[in-house]
Amino acid sequence: MCSVQGTGFPLPERDRLGLRGLVPPRVMDVDAQARKVYEDFQKRPTPLDKWLYLQALQDRNETLFYKVIIDHVEETAPIIYTPTVGEVCLQYSRLYRRARGMFFSVEDVGNMHAMCYNWPSDRVDVIVVTDGSRILGLGDLGVQGMGIPIGKLDLYVAGAGLHPSYVLPICLDVGTDNETLRNDPWYLGVPRPRLQGDAYIQAVDELVAALHSRWPNALLQFEDFSTDHALTLLERYRDGPLACFNDDIQGTASVVLGGVYGALAAQGMPNSAITQQKFLVCGAGSAGMGIASALCSAMQKHGLSREEALRQFCVMDIGGVIGQSRAHVDRAALPFASRDVPDGLHLEEAIEAFKPTALLGLSTVKGLFSEKALRMMSQLNARPLILPLSNPTSRSECTCEQAAVASEGRAIFACGSPFPDHVMPDGTVVRANQGNNFFVFPGVGLGAALCGAARVTDGMLIAAAEALPTLLTAADHAAARIYPRVSDIRRVSTAVACAVIRAAAAEGVVRNSEARRMLETGMDDTLLQRWIVSKMYTPAYVPLVQSHK
Ligand code: NAI
């Protein structure tokens with residue numbers, strides 16, 4: 001008991017709970033404790049040490065943990081999530097100290113419904129599940145991928161105020177094809193090759209059905225599934241039984257669309273100007289095609305027909321431009337096969353032929369955006385939009401400096417990994433915006449949970465993207481800042497949740513009766529946002545003893 005809030009117990013509680021003498025005399029409120037913890041945190045020498053420190057804190061005092069995360073979110077998010085969580089996943093079996101979340105393995109097939117009742121809470125709002133098959137850029141880490149759902153849900157709590165008791169991290173351990181792990185005597189997963197084909201799908205089906213029967217109103221977020229399964233599973237479950245969402249595909253797409261709107265705003269243009277943009281998308285994997293689809297839907301929303309919108313895209317993969325005669329391409333890329341640009345052209349030839357306004361990198365190829373390609377973009381456009389989105393930094397298609405120099409400071413730049421801003425010799429700063437999914441997923445989860453969304457629709461994700469530039473100021477536009485600040489994440493998530501709820505209502509997927517009643521009163525966004533904020537978790541010690549004054 002004394003460890004729960006330690007020196008935070010006020011005297012009346014120490015008396016009533018029999019804690020007098022069991023904790024040091026000085027009473028420290030949660031703010032003082034948080035300042036002390038933050039000082040200690042800063043002294044830890046490496047990101048992994050910082051993670052271990054925060055992990056131990058979460059285990060003994062969850063309220064204080066979230067207080068510190070929220071108060072210093074810009075500094076702590078990269079520790080509890082990417083990039084540090086990647087290192088944690090690599091060493092997960094050895095770092096393991098205490099169970100968190102739920103594990104369903106290949107040995108549990110047939111028992112998953114019953115197992116869900118082992119979880120102590122009848123209410124779960126958001127579930128994040130991984131099968132560990134494509135953890136960040138680190139490949140198949142099997143059960144060790146569990147660090148990802150845990151870290152992601154910590155960000156849901158910190159960023160959007162989901163209640164920590166109502167989130168559930170899950171690892172579906174269907175084996176691993178990582179032989180090193182299978183041979184590691186301390187590996188904590190089932191040391192067998194991955195389930196494949198129908199057996200794999202049946203295991204996922206059973207898990208989804210079990211989760212639905214126990215928590216029918218939860219939002220299920222798929223995270224870090226291998227590309228081949230990610231799209232299949234999203235298509236399989238997007239219409240139910242649970243509301244589903246894949247952050248790698250849909251969250252990324254939404255955050256990039258929000259950045260494009262931010263870039264238009266920086267040039268004094270409205271969102272509808274997206275219809276005049278021409279996107280050269282380098283990379284036809286799940287990330288590239290998810291983004292292209294979202295941008296295409298947004299163009300349709302602003303008045304283009306699907307045919308017209310598709311013509312605003314040119315998609316490339318490792319074989320060059322995907323034109324009409326390429327037979328073997330991903331099925332998601334097929335609708336984007338160019339009518340106007342010949343097959344197989346390489347980047348610079350494609351820029352010459354297509355004359356894009358924006359260059360998107362989702363190829364995982366470091367340096368793909370050559371100096372010549374960047375110069376060509378700058379000759380074609382007053383403000384070329386350069387988005388090298390591949391992660392990690394070592395895979396980025398170009399750096400901020402390269403885009404800045406080649407465009408003589410005119411590029412609007414956003415990347416997947418953090419880069420420093422670049423200062424030109426004349427003092428112009430080219431901002432290294434970061435298309436961080438953190439701007440979108442917590443708000444989507446909060447909005448969907450609060451309105452009890454039956455599904456997560458494309459309209460809700462476009463609405464989330466549209467909310468992002470509304471948070472930018474004239475000074476942000478002038479500085480080519482195209483995303484809000486991470487330190488403002490709760491305000492961002494509130495605006496995103498508000499937009500998501502409105503879109504859910506417009507599409508008739510709101511199930512929560514309180515939300516329905518609120519929306520029926522015709523309340524404006526200020527009131528709706530006030531309601532959202534009132535539902536957000538804020539870390540504070542709940543008085544355990546009533547004081548009678
Ligand atoms: P993937 O491996 O499935 O797809 C890569 C694609 O790039 C393939 O279509 C491949 O043919 C193509 N490609 C390879 N070499 C090329 C070249 N020289 N020119 C043009 N295309 C080439 O990868 P996935 O899952 O689609 O992810 C791509 C990248 O996007 C990763 O680095 C990932 O980290 C990043 N990503 C970034 C996010 C963000 O910024 N928020 C979120 C999700 C992914």
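What share of the area that the chain exposes do carbon and sulfur atoms supply? They supply 52% of about 22800 Å². The model behind every view is predicted.

**View 1. Overall dimensions of the chain.** The C-alpha trace spans about 80 × 55 × 55 Å along its principal axes. The radius of gyration is 24 Å. A compact globule of 549 residues would have a value near 24 Å, so the chain agrees with that expectation.

**View 2. Interior and contacts.** Of the 549 residues in the chain, 58% are buried. Contacts here are counted between residues at least 6 apart in sequence. Of these, 70% join residues at least 24 apart.

**View 3. Charges.** The chain carries 51 positive and 58 negative charges. The mean positions of the two sets lie 5 Å apart.

**View 4. Secondary structure and the open sheet.** The chain has 25 helices and 14 strands. An open sheet is formed by 7 strands. Their order is 8-7-6-9-10-11-14, with mixed pairing. Strand 8 (320-321) and strand 14 (432-434) are the edge strands. Each of these edge strands pairs on one side only.

**View 5. Close-up of strands 11 and 14.** Strand 11 covers residues 412-415. Strand 11 and strand 14 run parallel, joined by 3 bridges. Which residue in strand 14 is the bridge partner of Cys415? The partner is Gln434. On the sheet's other edge, strand 8 covers 320-321.

Key:
Residues are numbered from 1 along each chain as its sequence is written. This is a predicted model: local features need pLDDT of at least 70, side-chain atom pairs count only at pLDDT 80 or more; totals for chains, interfaces and linings use all residues. Side-chain values use heavy atoms; hydrogens and water are left out. Helices (H or I, at least four residues) and strands (E, at least two) are DSSP runs, numbered from the N terminus. The radius of gyration is taken over C-alpha atoms; the globule rule is 2.2 Å times the number of residues to the power 0.38. Buried means under 20% relative accessible area, exposed over 50%, partly exposed in between (1.4 Å probe, protein chains only). Contact means heavy atoms within 4.5 Å. Accessible areas come from the Shrake-Rupley method with a 1.4 Å probe; for residues, only the protein chains shown count as cover. Lys and Arg count as positive and Asp and Glu as negative; His and the chain ends are not counted. The place of a charge is taken as NZ of Lys, CZ of Arg, CG of Asp or CD of Glu. Two strands pair if DSSP finds at least two bridges between them.
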